[in-house]
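Notebook open, coffee poured. I want to look up how this chain folds and where its nonpolar side chains sit.

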Amino acid sequence: MSDFNLLPWREQLRAAAMRRWCWGLLLALLTALGLVVALHLALTAWHQPVEQEKQAWLQTQAELHRALADQAMWQTRQQQARQVQRQWQPWRAQQTQAWQLMGQVLALSPQGIQIERMVWRDQQVQLSGWAISAAHLQAWQEALQAQRTDASLPQWRNADGLACLQQRFVLQWRSKAVGS
């Protein structure tokens with residue numbers, strides 16, 4: 001029975017203390033909430049430039065990674081281009097040699113000869129066409145063998161097209177190597 005407080009003034013003091021305590025608690029909670037909101041706003045304002053800087057760094061890093069990947073790709077392409085350039089030199093020399101040979105063939109007047117096709121493959125030349133007679137073909141072959149590489153411009157003569165279709169020929173010979 002000692003827990004009972006039968007004095008009313010004590011009950012009023014206890015109720016007033018409880019109200020003060022509740023108001024104090026509410027005021028402390030509101031103050032803490034205000035402090036948290038203020039800190040959040042301040043830290044957000046401080047953190048926003050830092051976050052933007054971080055995003056800029058990440059973007060720069062991604063661009064550098066792409067550039068590194070592109071650089072590797074471009075280095076590979078540059079190596080491939082150099083390899084093609086190294087391989088192109090012999091091809092270019094062969095092409096020059098083929099044009100010189102074509103100039104030699106065309107520089108002779110093929111009297112009684114009709115050339116249909118000229119193929120250059122692997123340092124080998126193949127001419128095919130028609131000749132009026134074997135003597136015309138023989139004379140033209142001898143002229144080709146005796147001709148120098150600095151022959152003059154071609155001077156083709158028009159022959160009767162029907163007369164040139166009498167003897168078919170195919171000539172093959174190997175050309176000199178590019179370096180010799």
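Cut-offs before anything else: I call a residue buried under 20% relative accessible area, exposed over 50%, and partly exposed in between (1.4 Å probe, protein chains only). I'm working from a predicted model, where local features need pLDDT of at least 70, side-chain atom pairs count only at pLDDT 80 or more, and totals for chains, interfaces and linings use all residues. Residues are numbered from 1 along each chain as its sequence is written, and side-chain values use heavy atoms, with hydrogens and water left out.

Overall fold. I find 2 helices and 3 strands, in the order α-β-β-α-β along the sequence. Helices (H or I, at least four residues) and strands (E, at least two) are DSSP runs, numbered from the N terminus.

Burial. Of the 180 residues, 14% count as buried.

Core. I looked up the largest nonpolar core (buried Ala, Val, Leu, Ile, Met, Phe, Trp, Tyr and Cys joined through side-chain atoms within 4.5 Å). It has 10 residues, among them Leu101, Ile113, Val125 and Trp140. Helix H1 (8–107), strand S2 (124–131) and helix H2 (134–146) each give two or more residues to this core.

Leu33. Is Leu33 buried or exposed? It sits in helix H1 and counts as exposed, because its relative accessibility is 51%.

Long-range contacts. Taking contact as heavy atoms within 4.5 Å, I see that among contacts between residues at least 6 apart in sequence, 74% join residues at least 24 apart.
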